[in-house]
Structure formats: structure tokens, C-alpha cells
Amino acid sequence: MSLARLDRRTWLRLLLAAAAGACQGAAPTRRLAARLGLDGGERGWLAELTPGQAEALLGALDRPLGWDARAAALVVRLFGSHERLLAFLREPFRGSGVCDGLLRE
């Protein structure tokens with residue numbers, strides 16, 4: 001794979017996979033926060049997941065081409081709102097609107 005063809009998603013997955021080894025002994029939600037790069041208040045988003053759900057999402061991150069419906073649903077649960085998605089992408093929030101419905105679809 002050439003660096004010219006490396007998109008953001010692939011780059012993020014490579015970074016997350018590299019960081020995974022350092023986090024193996026921690027609780028699933030702590031490891032998931034580290035893999036996703038969540039900080040501060042963003043870590044609170046993971047309180048919505050059970051440890052089993054966090055493990056399932058960690059497993060899905062390890063196999064980026066083999067996601068199932070459950071893994072996709074967990075991602076939507078974490079980043080489905082306009083506010084959270086923009087916060088995760090470090091973009092300024094400009095108020096809710098029509099885009100919230102589009103993210104769910």
C-alpha cells in the first residue's frame with residue numbers, strides 16, 4: 001500500500017492497531033477509549049456500553065473488513081449523534097438539525 005493511497009480511515013486503523021498492544025491488560029472500556037483516542041468527557045460516552053459490548057467493538061476494530069451488524073450498531077450508539085461525531089472529528093458544533101437524521105441512516 002502506498003502512502004499516496006492511504007485514506008484517513010485506513011491510517012486511523014493502522015494507528016489504533018499499533019496502540020492496541022500497549023493497552024492489552026486494561027479494562028475493555030479503557031482499552032477502547034485508548035484505541036479510539038477518546039479524552040476527557042468523550043470517555044464518558046463509553047458508559048453506555050457494557051464490558052461485553054466494548055470487547056465486541058474492540059474485536060471489530062481488529063478486523064476492519066469483517067464488521068457485523070452488531071459492531072456497526074455499537075459504533076452508531078457511540079457516534080450517532082451530530083454532537084458526538086463532530087466532537088470526535090474535532091470539528092466545531094453548529095447546532096443540531098437535519099444532519100442528525102442523515103447520520104442515523
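Begin by selecting Arg84, a residue of helix α5, which spans residues 82-88. The model on display is a predicted one. Arg84 counts as buried because its relative accessibility is 18%, and the cut-off for that class is under 20%. With neighbours up to four places away in sequence set aside, show what surrounds the side chain: Arg84 is in contact with Trp45, Glu48, Arg77, Leu78 and Phe79.

Keep Arg84 in view and add Glu48. The two side chains meet in a salt bridge, with an N to O distance of 2.7 Å. This pair links distant parts of the chain, since Arg84 belongs to helix α5 and Glu48 to the loop between α2 and α3, 36 residues apart. Glu48 is partly exposed, at a relative accessible area of 33%, whereas its partner Arg84 is buried. Next, select Asp39, Glu42 and Arg90, which are joined into one network by salt bridges that share partners.

**The whole chain**

Zoom out to the full model. The chain contains six helices and zero strands, and its pattern along the sequence reads α-α-α-α-α-α. Of the 105 residues in the chain, 29% are buried. Consider the contacts between residues at least 6 apart in sequence: 40% of them join residues at least 24 apart. With the surface displayed, about 6900 Å² of the chain is exposed, and carbon and sulfur atoms supply 58% of that area.

**The largest nonpolar core**

Now select Leu32, Leu36, Leu38, Leu46, Leu49 and Leu78. Within the largest nonpolar core, which has 14 residues, these touch the most other members. Two or more residues of this core come from each of α2 (28-36), α3 (51-62) and α4 (69-79). The greatest contribution is that of α3, with four residues.

Centre the view on Leu46. Which residues does Leu46 touch, not counting those up to four places away in sequence? They are Thr29, Leu32, Ala33, Leu38 and Leu78. Leu78 also appears among the contacts of Arg84, where the tour began.

**Helix α4**

Follow Leu78 into its helix and select the buried residues of α4, namely Ala71, Leu74, Leu78 and Phe79. Turn the model to look down the axis of α4: the buried residues fall within an arc of 110°, so they line one face of the helix. The spacing can be read against a general rule: an α-helix has 3.6 residues a turn, so residues three or four places apart point the same way. Display the neighbouring helices as well, and the buried residues of α4 are seen to pack against α2, α3 and α5.

**Helix α2 and its links to α3**

Move to α2 and select Pro28, Arg31, Leu32, Ala33, Arg35 and Leu36, which are the buried residues of this helix. Just after α2 comes Gly37, which has a positive phi, near 75°.

Two of the buried residues in α2 are arginines with acidic partners in α3; take Arg31 and Arg35 in turn. The whole structure holds five salt bridges. One of them pairs the side chains of Glu55 and Arg31, at 2.2 Å from N to O. Glu55 lies in helix α3 and Arg31 in helix α2, so this pair ties together parts that are 24 residues apart in sequence. Arg31 counts as buried, at 11% relative accessibility, whereas Glu55 is partly exposed, with a relative accessible area of 38%.

Then select Asp62 and Arg35. They form a salt bridge whose closest N and O atoms are 3.1 Å apart. Here too the pair connects α3 with α2: Asp62 lies in helix α3 and Arg35 in helix α2, so parts 27 residues apart in sequence are tied together. Is each partner buried or exposed? Arg35 is buried, with a relative accessible area of 4%, while Asp62 is exposed, with 53%.

**A patch on the surface**

For the last stop, return to the surface display and select Trp11, Leu12 and Leu15. These residues form a nonpolar patch on the surface, and together they have about 290 Å² of accessible area. Trp11 lies in helix α1, which covers residues 8-20. At 47% relative accessibility, Trp11 counts as partly exposed.

Methods. Residues are numbered from 1 along each chain as its sequence is written. This is a predicted model: local features need pLDDT of at least 70, side-chain atom pairs count only at pLDDT 80 or more; totals for chains, interfaces and linings use all residues. Side-chain values use heavy atoms; hydrogens and water are left out. Buried means under 20% relative accessible area, exposed over 50%, partly exposed in between (1.4 Å probe, protein chains only). Contact means heavy atoms within 4.5 Å. A nonpolar core is a set of buried Ala, Val, Leu, Ile, Met, Phe, Trp, Tyr and Cys residues joined through side-chain atoms within 4.5 Å. The arc is that of the directions from the helix axis to the C-beta atoms. Patches are made of residues with over 30% relative accessible area and no salt bridge: like charges are joined within 9 Å, nonpolar side chains (Val, Leu, Ile, Met, Phe, Trp, Tyr) within 5 Å. Accessible areas come from the Shrake-Rupley method with a 1.4 Å probe; for residues, only the protein chains shown count as cover. A salt bridge is a side-chain nitrogen of Lys or Arg within 4 Å of a carboxyl oxygen of Asp or Glu.
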